[in-house]
Each structure stands twice: as C-alpha cells, then as structure tokens.
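Hi,

I hope your week is going well. Here is the structure I promised to pass on, and my notes follow below it.

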Amino acid sequence: MSAANQLYQEVILDHNRKPRNFGKLEAASHHAEGLNPLCGDHIWVYLRVNGPQVEAIGFEGQSCAICKASASMMTSAVKGRSVADAEVLAQEFRD
C-alpha cells in the first residue's frame, strides 16, 4: 500500500472513530438533511451563523465510515470560517 493510501485510510478511520463536531447543534440557525437511499446513509447538518461567520456546526445520523468521516472533516473545515469562505470550499469540492 502506498504512503498516500495509508495516510488516507488513517485519516478516515480517525474521523470515523472520533468524529469532530458530532451531535445535534442546539439553537441552529440553518440545517440540512442528506439521505442516500442506495446505501442508507442518513445525516443531518446543523449550522449556527452569526453575521458573516459560521459560529458553530454539528452533524448527526447513521452512515458508513466514509460518510461519517467526510462529514467530520467538512465540519472541521467550515467551523469558524466566514459563510463566503465556506461557499468557496463547497464549490471547490463540487468542481
């Protein structure tokens, strides 16, 4: 296994075992639900936006390790950023 693949697996496993920002965010100003009917992944994402900043973010749900790790990494990348920066990250991901 290449070093890059091993690192990728370690990061996924770490975020799956110890997901960052896991749990329902009380007093969320925004929320979204995602469901993949093909595999059963089902998550909810909660944001608390204060002015131009993402003040807090959380997620919960039932999903596979990759989905949970992805949500954990996404929340870590977005937390504390401006809404504009978060939108840029989302667009870069889609591209």
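Where does S82 lie? S82 sits in the loop between α2 (65-78) and α3 (83-94); helices here are DSSP runs of H or I with at least four residues, strands are runs of E with at least two, and both are numbered from the N terminus.

Before going further, a word on the basis: this is a predicted model, in which local features need pLDDT of at least 70, side-chain atom pairs count only at pLDDT 80 or more, and totals for chains, interfaces and linings use all residues. Residues are numbered from 1 along each chain as its sequence is written, and side-chain values use heavy atoms, with hydrogens and water left out.

Back to the loop. S82 counts as buried because its relative accessibility is 16% (buried is under 20% relative accessible area, exposed over 50%, partly exposed in between, with a 1.4 Å probe and protein chains only). Its side chain reaches the backbone nitrogen of D85 at 3.0 Å. Setting aside neighbours within four places in sequence, S82 touches P52 and Q53 (contact means heavy atoms within 4.5 Å).

Q53 leads on to the sheet, since Q53 is the bridge partner of N50 in β3. The sheet is open and has 3 strands in the order β1-β2-β3, with antiparallel pairing (two strands pair if DSSP finds at least two bridges between them). β1 and β3 are at the edges with a single partner strand each, so one side of each has no neighbour in the sheet. On average, neighbouring strands are turned by 15 degrees against each other, direction ignored (axes are lines fitted to C-alpha atoms, for helices over the stretch in contact, and angles run from 0 to 180 degrees between N-to-C directions).

Now the two hairpins. Strands β1 (residues 30-35) and β2 (residues 42-50) pair over 6 bridges, and L35 stands opposite H42. Their hairpin has 6 residues between the strands, and G40 in the turn has a positive phi of about 95 degrees. Between β2 and β3 (residues 53-62) there are 9 bridges, and V49 has V54 as its bridge partner in β3. This second hairpin has 2 residues between the strands, and G51 takes a positive phi near 65 degrees.

Finally, α2 lies across β2 and β3 and runs at about 170 degrees to β3.

Best wishes

Methods:
A polar contact is a pair of N or O atoms within 3.5 Å; within protein, one must be able to donate a hydrogen and the other to accept it, and residues adjacent in sequence count only if both atoms are side-chain atoms.
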